[in-house]
Amino acid sequence: MKIIILAGGEGKRMWPIQTDKCLIPFLGKPLLYHNLKKIKDNVKGEFIIVATPQNKDHIEKVAKELELTYQVVVQSEPKGMADGLLSAKEYLKEEILVVNAEDLLDGKIYSEVAKGGAEVVFAALKVNKYFPGGYLKVDRDKVSGIVEKPGERNEPSDLVKLVVDYFKDGKKLVEYLEKITSGSDNVYEKALNQMIVDGIEVKFIKYDGPWIPLKYPWQILDIQGYFLSSIEQKIYSDANVSEKAIITGKVLIEEGAKVFEGAVIKGPCYIGKGVVVGNNSMVRETNLEEGVVTGFNSDITRSYIGPNCWFHTNYIGDSVIEGNFGMGSGAVLANLRLDDHTIRVRVAEKEVDTGRHKLGLIAGQGSRVGVNASTMPGVKIGANSLVGPGVTLYQDVKDNTKILVKQEYQISEHTPNLTSYDQFRKKL
Amino acid sequence: MKIIILAGGEGKRMWPIQTDKCLIPFLGKPLLYHNLKKIKDNVKGEFIIVATPQNKDHIEKVAKELELTYQVVVQSEPKGMADGLLSAKEYLKEEILVVNAEDLLDGKIYSEVAKGGAEVVFAALKVNKYFPGGYLKVDRDKVSGIVEKPGERNEPSDLVKLVVDYFKDGKKLVEYLEKITSGSDNVYEKALNQMIVDGIEVKFIKYDGPWIPLKYPWQILDIQGYFLSSIEQKIYSDANVSEKAIITGKVLIEEGAKVFEGAVIKGPCYIGKGVVVGNNSMVRETNLEEGVVTGFNSDITRSYIGPNCWFHTNYIGDSVIEGNFGMGSGAVLANLRLDDHTIRVRVAEKEVDTGRHKLGLIAGQGSRVGVNASTMPGVKIGANSLVGPGVTLYQDVKDNTKILVKQEYQISEHTPNLTSYDQFRKKL
Amino acid sequence: MKIIILAGGEGKRMWPIQTDKCLIPFLGKPLLYHNLKKIKDNVKGEFIIVATPQNKDHIEKVAKELELTYQVVVQSEPKGMADGLLSAKEYLKEEILVVNAEDLLDGKIYSEVAKGGAEVVFAALKVNKYFPGGYLKVDRDKVSGIVEKPGERNEPSDLVKLVVDYFKDGKKLVEYLEKITSGSDNVYEKALNQMIVDGIEVKFIKYDGPWIPLKYPWQILDIQGYFLSSIEQKIYSDANVSEKAIITGKVLIEEGAKVFEGAVIKGPCYIGKGVVVGNNSMVRETNLEEGVVTGFNSDITRSYIGPNCWFHTNYIGDSVIEGNFGMGSGAVLANLRLDDHTIRVRVAEKEVDTGRHKLGLIAGQGSRVGVNASTMPGVKIGANSLVGPGVTLYQDVKDNTKILVKQEYQISEHTPNLTSYDQFRKKL
């Protein structure tokens, strides 16, 4: 069995997050690590990982750490899934299993699909409400067609196709893929449909476990929720946790982490290597990757905090911070509209309703937010940008951009009565 | 004995507080509850409560809870005290005691006046400095006249008439009231003066206990002070107080309340039903009505906080918050002028010196203050209004009004040297 | 031996600090106290202190407290060191030792120089890099000339002249001083050079202990560092330190000080008389002079805080606060540029690079900073000035000046759905 991992996808709607989706770390390891581990534990075979020129090295590192039998092939340009598969053409022979690198699924589905039992087997997600994906037309346990984004109420079933696809003969898939005019959209789905039309037997396995899409950056919070829910209580022996810190719920504290007096950690939480949770800070339902420093008196709640961020008396709620990010004292990431509306976010010129009542900031790598600045719910800050002190930020900030507030002042003479100040203080 | 409770008064100078004065809750019960209970404990009789169409139902609830013998009569429009009494005309027979619903007095004065001993008996407050009310002209233990607002240095005595008035024959009072041209001011006082002129014997009982007027909204703080001073230490059995919270002084914690680790409560304090005092928050000399949530790390000091308010890392000092009010993280209610002056407040187009060195915000029902906003001492926010993030509020905000700050920005390219950031952090 | 202490110097570059350099208190005593004590412990003699009309009384107090044998002479105008010495002319006879009042040196150098062993003996500081002072030209242990500010790479040696100068015959010094045209610069150094030219034997003692200049106000932090490093752990018996406070490292807590529950003090720290460290506040590597109040939840780090300052939920990092200074809740003194640059400060119209990566505010006596205001790294606030709430301060503020922010607002109608607010809260 060859297990084809598609890790060459773009994340067009992930701005300002620059890290490849599958390389975003959770619990100290890239998402890909978690996914490959799960597949390895469930399916025996050689991994063929389709990478990009940019993420190739990181991916190799992950594969090595997992001691996989693997090959990495490079898809030179992001030209879609079919192109990605064809980059690995030489490995598409006999039994293959095709999986998306970043899809988060229960491990069992891999072994179930990999069992085969037909020429082609798909995993099909049972959905309760319309999702803009490919729906299966089915006839008992057989697939009779795939309908891309049928629109609400036109769904042919309640089953959406996932990308956990078994092919008894990878070569045949290649033939079908190569028959479709390249450059057209959805080549992969067209090839599958053609297979069905040609009478090739396609079955499906129903999947009703968790499936968490990662299309928009705020969905990182959902993925984090999945990982946090799996955490077991553990404090590594060389972590340094004050007896005067308070830890409740399931909290995993990695080696080298320090938790100071008066700090409160309410699980589930992941406290990565070398993290410092400062005095009187509170961390709740949060993932702090390696090297994060909360500083004194911060409140970090339901947030994803990537590596090497530092804070100091801040509120960070329901936020996604990619990494190497810093905030000055008193800066606040607002996460709640003061009316009853859900939070809407601009994505590639369009407004998207996140469906969330609480969502804070989404920030790229290397950004800074100055003292006493405030960011509004759902705002995004690009990589390497700077939001100045005292700014109340209602708008997105592009990559490599500095935004400073210009205040107008009223300056006048001032003659306090110092004696009376003293007297005054005594009165208080 | 009929005890006539006048609960139909307007609170023209109480804006933005909308709750009827006598219905404002302290220690979990409306002011009226406390007052009626005190009268019930001191005077035997039937309560005749003059209500408004709006507060009628609430008042009935209070009367039932106290298991009073009572009638509620409705004064259809707020046309003054005499009109209020005449609304209850059918009950004004034989012995009556007339009391204002919202006046806070020691219980003993009710029984003393109710003893009678003359045709008419008033309670008279001994004052040390001029108060703009009705002064008594007296001759030994007899009243020889009432002088409305005589002006400073023209006081006929140091005795100000309260509204705890006994009449041996309520019918006679009705006659006198009906003789005065209706529509004129101070009908009640004119009627009383006419009684005196006509030779009816009017005595007075001197009162030197506490009397706390409630004419302006900040006086709610004085009334709260009265109630807090009476508090006995008690934690209801189903309240949940962390062993790592610190409680000093007399603190009453009601059922269902939660006090988290690191929280500090310095009595006297009232912590109402279901209140949540969050981690590291401090509450001092404060009344938190039902359902208040302090959030993480707030400092609530000498403030009146009505039901269902929520806070999050805020400073609330010497403030009056009616209820259902919320503040974003980092918002501050300043309570202290940075010079030696007392705090002045605009009331109905006029500036009133509160005489207070410390006074924070006065806020109506359902308002919100955004993250990192600041309000200046003595400012008022109307009901259902919103003060945006980052606003520094020097002015009052009307009911149903949104005020947002418009910031001007300087936006430029920014190219941080990320390597040096890291080096820099290592240096720190 | 007469020990001439020059305490008449001006501090032109010390604005906004008004206190005479030698009178700035550290560990509860003026710098002069510490210096005189050290000299007294190392040299036997009568102190002749050259004061100004302004600091004369304070200086007498210090001398008395130390039980010195002393005379105070007044230099009527700040006309330089030679003029200062000549003010004390009547005492310049036989052996004298001339010392600057504010120079911080190890005590041993005084005894070494005072031993004499030549007509004139200087202390000479060994420097590693260029310092704009007077360099010694030397020949073995003899001085063959003094070169004022030779410029980098033109230094005649690596020895900079300090002001610890022994003269076997003070009278001779007077003669030389009086020969130089008064009014010219560097009269003292010119006189010394003339002595050398005339063949008078001048030796030097090499000094390689600490020497901390006090030319700019931020150097107060360096001097503080010196004193803090000498602190021994001690809590005076009538100080009141909660068992729930956390104290680590060497901390000296003076009489009458109070440290509340949840407060954290990380040494070395000096906590002066009557200081109040409020609940949940943190103080690190800091000198808090008499009467300082940190309030609730402040973070005071590596800062010099003069007497009678009060704070309330503030961040004060790497700052110099002269005294009687107050900050409103949420105000922050930023101490770190969000790029890799060291902090530059304007001094007398010129920018000076402090060489520091962290530097907060420098504030004069009696100033105030309002709630939620922010000051940028290295900014200075003059005496008796007021920085209003919400100001983001990038510029210096002169003495006796008030600076308020003028915000522009967008005001509109607001009709929240109160029912839905409640529902909303329940959802959260």
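**Hairpin, core and chain contact in a predicted model**

In this predicted model, Arg140(A) has a positive phi near 55 degrees in the hairpin of S8(A) and S9(A), where 2 residues lie between the strands.

User: Happy to start with that hairpin! Which residue is the bridge partner of Gly134(A) in S9(A)?

Analyst: Let's begin with the strands: S8(A) covers residues 134-139 and S9(A) covers residues 142-148. They run antiparallel and are joined by 6 bridges. Within S9(A), Gly134(A) has as its bridge partner Glu148(A).

User: Thanks! Now the contact between chains A and B: which element gives the most to the side of chain A that touches chain B?

Analyst: Chain A brings 35 residues to the contact and chain B brings 34 residues. On the side of chain A, strand S37 (401-406) and helix H8 (418-427) each supply at least two residues. By class, that side has 16 nonpolar, 15 polar and 4 charged residues. The element that gives the most, with 6 residues, is S37(A).

User: Which residue of S38(B) stands opposite Leu404(A)?

Analyst: Good one to look up in the structure. S37(A) pairs with strand S38 of chain B, residues 408-413, in the antiparallel sense over 6 bridges. Opposite Leu404(A) in S38(B) stands Gln410(B).

User: Lastly, how many residues are in the largest nonpolar core?

Analyst: Ile4(A), Ile5(A), Ile4(B) and Ile5(B) are the members that touch the most others in this core. Beyond its neighbours within four places in sequence, Ile4(A) is in contact with residues including Ile48(A), Val50(A), Leu85(A) and Val98(A). The number of residues in the largest nonpolar core is 401.

Note on methods
Residues numbered from 1 in each chain as written. Chains lettered and ligands numbered in written order. Predicted model: local features only at pLDDT ≥ 70, side-chain atom pairs only at ≥ 80, totals over all residues. Core = buried A, V, L, I, M, F, W, Y, C linked by C-beta atoms within 7 Å. Buried ≥ 20, exposed ≤ 12 C-beta atoms within 10 Å, placed from the backbone. Contact = placed C-beta atoms within 7 Å. Helix = DSSP H or I, 4+ residues; strand = E, 2+ residues; numbered from the N terminus. Nonpolar A, V, L, I, M, F, W, Y, C, P; charged D, E, K, R; others polar. Pairing = 2+ DSSP bridges.
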